Amino acid sequence: MRHFTSLEDVSDINKLIKKSLEVKKDPFQCTGLGKNKTIGLVFFNSSLRTRMSITRAATNLGLSVITLNVNSDSWKLEFEDGTVMDGASAEHIREAVPILCSYCELLAVRSFPSLINQEEDYSERVLMSFIEHGNVPIINMESATVHPLQSLADVVTILEYQRTHKPKVVMTWGPHIQALPQAVSNSFAQWANAMEYDFVITHPKGLDLDRRFVGEASVEHDQEKALEGADFVYVKNWSSYQDYGKVMSDKSWQMTLEKLKLTNNARLMHCLPVRRNVVISDDALDSEHSIIIPQAENRLYTTQAVIQQILLNL
Ligand code: CP
């Protein structure tokens, strides 16, 4: 594996899951692997879990870490070719990326979608610019359309908690006050389809995800029906894909303890951050159903497994 930009970069998903569990057992088995090497973390957007877990993962492997918060620390970057740069952007991606690559052996990038221009977002312009203009491995820390580091942690967490060979995993849309990307949901759908799950997506009509990510998953518009017999309930908001970026609010879709009672004593998952009593009620988040904290902790081990695999191929 050279880059880790989506599931498509992973040749053997089970091997990566196994490696993640090995790292969890002993995070210090490869402390010298990153010696004299540096990873650059390039953030176009905010983060708590991704920033902390990748920093810790890199440190466990002996890498040095440099973090660049583009919007606050750096020059505004231009991505358009052939443009006259007489506006707000002072630096072109054609210079910025090769320079970052001369300082770092690996780069990781977080860049959310605009949620205005679907074609541009779904072309992954920012992430692809780093691959096009760079010569080092690129790790996706959540891009316009996918969040593979999150999804790897999600499938590892499900494996740890599953009680049957083929668990029923339900991803349900939840209400939110802002327009959120489809990246976590797209990515979870992609990875869940690659696993042996009975995988169901439930959302109000008009919130269908891109078919390329939905794949063979069952889609059910009756949330309560979808929850029946669920072993895992993964809650996530996303804004409309069809009416691109539109916020759809239906408070009746909030996940509650009452709804979890319809399930097969399901484990409750969310990528975080979560708005309490908007997306999920307090009584559900604070119940024994919730595995959101161990889910977030797994971000560390799974990210370390990814970096480890990339370093071994350098
Ligand atoms: N789930 C996740 O990626 O969290 P952060 O946005 O805080 O990194």
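**Exercise 1.** How many nonpolar, polar and charged residues does the lining of the largest pocket have? Work out also where this lining comes from in the predicted model.

*Solution.* Begin with the space itself, since the largest pocket holds about 520 Å³. Next, look at the residues around that space: 21 of them line the largest pocket, and those closest to its centre are Phe44, Phe79, Ser111, Arg125 and Val126. Sorted by class, the lining has 9 nonpolar, 5 polar and 7 charged residues. Finally, trace the lining back to the elements of the chain: helix 3 (70-73), strand 3 (77-78), helix 5 (118-122) and helix 6 (125-133) each supply at least two residues, and helix 6 gives the most, with 3 residues.

**Exercise 2.** Describe the second largest pocket by its volume, its central residues and the classes of its lining.

*Solution.* The volume of the second largest pocket is about 440 Å³. Of the 25 residues that line this pocket, Phe112, Glu142, Lys236, Leu272 and Pro273 are the closest to its centre. When the lining is divided by class, there are 11 nonpolar, 8 polar and 6 charged residues. Helix 2 (49-60) and helix 8 (183-194) each contribute at least two residues to it.

**Exercise 3.** Is strand 5 (residues 106-110) enclosed or open, and which strands does it pair with?

*Solution.* Count the buried residues first, taking buried to mean under 20% relative accessible area. In strand 5, 5 of the 5 residues are buried, so the strand is largely enclosed by the rest of the structure. Then separate the two faces, remembering that in a regular strand the side chains alternate between the two faces of the sheet. Leu106, Ala108 and Arg110 are buried on one side, while Leu107 and Val109 are buried on the other. For the pairing, strand 1 (residues 38-43) runs parallel to strand 5 and is joined to it by 5 bridges, and strand 6 (residues 138-140) is likewise parallel to strand 5, joined by 3 bridges. Val109 shows both connections, as it is the bridge partner of Val42 and is itself partnered by Asn140 in strand 6.

**Exercise 4.** In what order do the 5 strands of the open sheet stand, and why is one side of strand 9 and of strand 11 left without a neighbour?

*Solution.* The order is 9-8-7-10-11, with parallel pairing. Strand 9 (218-220) and strand 11 (267-269) stand at the edges and have a single partner strand each, so one side of each lacks a neighbour in the sheet. On average, neighbouring strands of this sheet are turned by 20° against each other, direction ignored. At one edge, strand 10 (residues 232-236) pairs with strand 11 in the parallel sense over 3 bridges, and here Phe232 stands opposite Arg267.

Key. Residues are numbered from 1 along each chain as its sequence is written. This is a predicted model: local features need pLDDT of at least 70, side-chain atom pairs count only at pLDDT 80 or more; totals for chains, interfaces and linings use all residues. Side-chain values use heavy atoms; hydrogens and water are left out. Two strands pair if DSSP finds at least two bridges between them. Helices (H or I, at least four residues) and strands (E, at least two) are DSSP runs, numbered from the N terminus. Axes are lines fitted to C-alpha atoms, for helices over the stretch in contact, and angles run from 0 to 180 degrees between N-to-C directions. On a 1 Å grid over the protein atoms alone, a cavity is a set of points where a 1.4 Å probe fits but cannot get out, and a pocket is an open set with protein on both sides within 12 Å along at least five of seven lines; lining residues have an atom within 4 Å of a point. Grid points are joined across faces, edges and corners, and a volume is the space filled by probe spheres set on the points. Ala, Val, Leu, Ile, Met, Phe, Trp, Tyr, Cys and Pro count as nonpolar, Asp, Glu, Lys and Arg as charged, and the others, Gly among them, as polar. Buried means under 20% relative accessible area, exposed over 50%, partly exposed in between (1.4 Å probe, protein chains only).
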